[in-house]
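Please examine the structure shown below together with its sequence. The paragraphs that follow discuss strand pairing, backbone angles and a surface patch.

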Amino acid sequence: MTSEDVGAEAREDAGLATPPPGTTPRIGDTRPAPPRPQIGDTRPAPSAPAATGDTPAPARKRRRRGGRGRGRGGAGTGTATPTTGGAPAAPGGNGGRGPRDVVRADLGVGDPLDFDLDEDALERRRGRTRKGRPAGRYFMCVHVRPDGHNHIAVLEGRSLVEHYVTTPRDDDMSIDGNIYLGRVQNVLPGMEAAFVDIGTPKNGVIYRSDVVFDPAEVDSKQPRIEQVLKNGQNVLVQVTKNPIGAKGARLTQEVSLAGRFVVLVPNQPQTYGISKRMPDDERKRMRKVLDALRPTDAGIIVRTAAEGATTEELERDVIRLRHQWEQISALAKQSKQARLVYQEPPLALRLLREEFTKEYRGVAIDDPTLYAEVKAYIEAVAPELADRVELYDPEEEGLPLFERFHVHEQLLKALDRKVWLPSGGSLIIERTEALTVIDVNTGKNVGRSNLEETVFRNNLEAAEEVARQLRLRDIGGIIVIDFIDMEIKANRAEVVRTFQAALARDKTRTQVFDISELGLVEMTRKRVSEGLLESVSHTCESCTGRGFVIDEALLHDLD
């Protein structure tokens with residue numbers, strides 16, 4: 001989920017522990033647990049308590065260990081430095097220009113902050129179990145390749161629903177969420193947009209609607225873009241959409257910083273929202289908590305992961321993000337040239353920060369280094385879920401990670417243009433530059449009673465599968481779906497309702513219209529990055545991506 005997705009969800013809402021003893025061994029985890037202290041904790045590991053004859057007090061509450069920033073984003077830190085220990089930026093992150101110190105996302109791994117959390121709250125956060133194993137709708141597999149390519153797969157049940165690929169070139173191509181000090185290169189009044197140099201190979205583009213300005217400095221309430229942006233002007237911007245093809249990154253001046261439980265929107269105090277996915281009683285409790293925590297100079301968005309979070313956890317998250325913003329502001333003031341000033345964490349940690357809840361039955365990682373980093377993060381921010389992070393050993397299991405969970409075969413099917421439905425029907429998915437067209441066919445599905453019932457059942461299956469394929473293939477832009485014609489109006493309405501319900505599980509924003517007079521469903525899905533096919537392929541040199549090769553011999557004698 002990108003920062004723009006999180007912010008948009010909130011704006012719509014506003015209207016505008018340590019694993020318990022006896023836990024079943026984890027898959028492939030035959031090694032001892034990593035020794036404490038965890039990453040960022042410079043203190044020695046706690047020694048075991050001495051045996052005494054005293055009777056222990058009744059265990060009404062369990063102590064929960066939370067995480068603070070590494071001296072720069074946690075509660076109680078009195079100062080904020082403009083850098084993170086001088087950590088160098090990734091190659092190409094700032095185009096090789098200017099200082100290379102970059103503010104990194106503070107994930108809260110560091111010195112612990114203790115507070116009480118009752119057993120009932122911990123039990124709710126742990127979620128359901130089945131036969132001693134955590135139970136949940138989703139499962140994540142993280143495969144780390146030696147060549148630098150990382151594959152992340154999200155399973156719903158046993159079905160692959162999302163797939164991500166990170167490559168060594170992602171420092172320039174996968175930059176959504178990063179914050180840059182940019183320099184305006186060219187203002188285009190006719191397009192109500194401006195090109196901004198952010199230190200990457202392609203200039204980013206910012207539109208008039210994404211520009212933030214001081215009303216006191218302009219004459220009108222809706223000034224033109226050339227009145228608020230000038231060539232050569234330095235601006236602080238955040239990437240909301242990765243570069244795709246020949247298009248540069250999409251930028252905004254409405255910067256937001258994502259934490260585990262909340263999103264901070266600096267300089268936008270009017271922004272206020274609570275996730276709609278929370279129960280009504282939890283939303284009411286959050287409103288009371290936020291009345292005391294809400295800063296006067298920034299907006300706050302409460303995320304779905306904050307369900308059940310205590311006031312102390314939310315306060316620590318807000319403090320950490322405020323310190324982070326102070327670092328970014330200080331670093332931007334020191335810089336003169338276009339450069340990266342804030343970098344989002346690796347994709348695996350970002351996904352866990354955005355999505356990891358009790359609905360995930362587990363996360364399997366086949367790289368010990370990444371496993372240790374993820375484990376430390378989860379133990380700091382959600383220790384009740386730490387036992388769901390597994391180290392997968394391919395040698396011990398006898399199969400690679402993606403084969404063990406049948407990800408590889410589903411991934412190959414997702415690259416085909418034809419998708420079979422359970423009853424024998426099929427989908428044909430064709431992508432073009434302007435839009436994506438999906439055709440629904442009955443195929444081998446001949447039904448049992450009558451044509452209308454056969455078509456209706458086939459369309460219901462297609463509606464569920466189309467929603468899954470859009471997520472899996474990461475298809476964005478305009479999408480047209482040609483369902484099979486139905487005579488009964490109630491059947492058409494039910495197909496659309498089923499389709500919208502299936503799309504509700506997609507974190508990417510979508511908009512769906514009713515079936516048109518031609519029997520077509522038109523919809524849009526926000527395009528954030530290149531799709532699955534583009535991420536694992538390259539353009540054919542023979543046909544240059546057209547899908548066919550022209551026979552030059554047949555055209556040779558036409559001159």
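**Strands, loops and a surface patch**

In this predicted model, W420 stands opposite S426 in β22. The pairing to which this contact belongs joins strand β21 (residues 418-420) to strand β22 (residues 426-431) through three bridges, and the two strands run antiparallel. They form a hairpin with five residues between them. Within that turn, G424 has a positive phi of about 115°.

Strand β22 also pairs with strand β23 (residues 435-441), again in the antiparallel sense, over six bridges. Here E430 stands opposite V437 in β23. A hairpin is formed by β22 and β23 as well, with three residues between them.

The backbone angles of two further residues deserve attention. Most residues other than glycine have a negative phi. N267, although not a glycine, has a positive phi of about 65°. N267 is found in the loop between β15 (262-266) and β16 (272-274), and N267 is exposed, with a relative accessible area of 54%. H406 is likewise a residue other than glycine with a positive phi, near 60°. H406 lies in the loop between α10 (401-404) and α11. At 45% relative accessibility, H406 counts as partly exposed, because this class lies between the limits of 20% and 50%.

Helix α11 (residues 407-413) contains L412. Which residues form a nonpolar patch on the surface with L412? They are L415, L533 and V536, and the four together have about 320 Å² of accessible area. L412 itself is exposed, since its relative accessible area is 51% and the exposed class begins over 50%.

Notes:
Residues numbered from 1 in each chain as written. Predicted model: local features only at pLDDT ≥ 70, side-chain atom pairs only at ≥ 80, totals over all residues. Heavy atoms only, no water. Patch = residues over 30% accessible without salt bridge, like charges linked within 9 Å, V, L, I, M, F, W, Y side chains within 5 Å. Areas by Shrake-Rupley, 256 points an atom, 1.4 Å probe, with all protein chains shown as cover. Salt bridge = Lys/Arg side-chain N within 4 Å of Asp/Glu carboxyl O. Helix = DSSP H or I, 4+ residues; strand = E, 2+ residues; numbered from the N terminus. Buried < 20%, exposed > 50% of the residue type's maximum accessible area, 1.4 Å probe, protein only. Pairing = 2+ DSSP bridges.
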